[in-house]
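Subject: Structure handover

Hello,

Here is the structure for you to look over. My notes on it follow below.

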Amino acid sequence: MSGSLGMLVGYAIGALLAIAAMLGASVLLHVTFLSFTRDLWMIQFVYAQRPQPARWIGITLVVVLMALGLALFGPKTQAVVFPLVAVGPWLTVNLVRLYAWWSDEAETKRAALEIRKAEALRLSEPVPTLEQRFPWREYVFDVARVRQQTLYEPPPI
């Protein structure tokens, strides 16, 4: 009887570990798809708006994530690039957004906030504030809209 109880406990622990592994794999797959489908396409725009920080943040992340891939999977597999593809675009876009938030002047932040307020009210989204520690998701886009509005000249009547 005691042998079967130990076997039952072993099966339960194995089942719990399998469930945890599947949950972890599904979260990693979800992050990978979001990073690849959403943030990968944003890199071009972020690079056009902030070329210097995007370049250096991107280069640093490529080196770090490739080293992480080598450490995790070894040098003879194609899985070495998996960390780069999985979280590289997401990290790049978010770190450039943070850099832009911390390096922009208050006037630029205020103008971008005015654009975001109008957009948030129109879409019934939460309105960000200037006192928040981190920028809202569309901050770099809103700053680009501010810059375009300052360049715009209405046609003569």
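A residue is called buried when its relative accessible area is under 20%, exposed when it is over 50%, and partly exposed in between. Please keep in mind that this is a predicted model.

By that cut-off Pro135 is buried, because its relative accessibility is 14%. Pro135 sits in the loop between H4 and H5. Leaving out residues up to four places away in sequence, Pro135 touches Arg97, Leu98 and Trp101. Pro135 and Val46 are 89 residues apart in sequence, and their C-alpha atoms are 14 Å apart in space.

Overall layout

The chain has five helices and zero strands, and along the sequence its pattern reads α-α-α-α-α. Its radius of gyration is 23 Å, whereas the globule rule gives 15 Å for 157 residues, so the chain is more spread out than a compact globule. Along the principal axes, the C-alpha atoms fill a box of roughly 95 × 40 × 30 Å.

Of the 157 residues, 29% are buried. Taking the contacts between residues at least 6 apart in sequence, 69% join residues at least 24 apart. The chain exposes about 10900 Å², and carbon and sulfur atoms supply 71% of that area. There are 14 positive and 11 negative charges, and the mean positions of the two sets are 8 Å apart.

Helix H1

H1 covers residues 2-49 and includes Asp39. Is Asp39 buried or exposed? Asp39 counts as buried, because its relative accessibility is 1%. Which residues does Asp39 contact, leaving aside its neighbours within four places in sequence? They are Leu34, Pro89, Trp90, Val93 and Arg137.

Ile19 also lies in H1. At 49% relative accessibility, Ile19 counts as partly exposed, since the class of exposed residues begins over 50%. Ile19 and Val62 are 43 residues apart in sequence and 32 Å apart from C-alpha to C-alpha.

Helix H2

H2 runs over residues 51-73, which is 23 residues. From its first C-alpha to its last, H2 reaches 32 Å, close to the 33 Å expected at 1.5 Å a residue. The buried residues of H2 are Pro53, Ala54, Ile57, Gly58, Leu61, Leu65 and Gly69. Val62 is found in H2 as well, but Val62 is partly exposed, with a relative accessible area of 39%. Between Val62 and Val146 there are 31 Å in space, C-alpha to C-alpha, and the two are 84 residues apart in sequence. After H2 comes Gly74, with a positive phi near 85°.

Helix H4 and the loop after it

H4 has 18 residues, which should span 26 Å at 1.5 Å a residue; its end C-alpha atoms are 25 Å apart, which agrees. In H4 the buried residues are Thr108, Lys109, Ala112, Leu113, Ile115, Arg116, Glu119 and Ala120. What do the buried residues of H4 pack against? They pack against helix H3 (82-103) and H5.

Just after H4 comes Ser124, in the loop between H4 (106-123) and H5 (139-151). Ser124 is not a glycine, yet its phi is positive, at about 55°. Ser124 counts as exposed, because its relative accessibility is 69%. The same loop between H4 and H5 holds Pro135, which counts as buried at 14% relative accessibility.

Helix H5

Gln149 lies in H5. With a relative accessible area of 53%, Gln149 is exposed. Gln149 and Leu95 are 54 residues apart in sequence, with 25 Å between their C-alpha atoms.

Regards

Notes:
Residues numbered from 1 in each chain as written. Predicted model: local features only at pLDDT ≥ 70, side-chain atom pairs only at ≥ 80, totals over all residues. Heavy atoms only, no water. Helix = DSSP H or I, 4+ residues; strand = E, 2+ residues; numbered from the N terminus. Buried < 20%, exposed > 50% of the residue type's maximum accessible area, 1.4 Å probe, protein only. Contact = heavy atoms within 4.5 Å. Rg over C-alpha atoms; globule rule 2.2 N^0.38 Å. Areas by Shrake-Rupley, 256 points an atom, 1.4 Å probe, with all protein chains shown as cover. Lys, Arg positive; Asp, Glu negative; His and termini not counted. Charge placed at Lys NZ, Arg CZ, Asp CG, Glu CD. Expected span 1.5 Å × (residues − 1).
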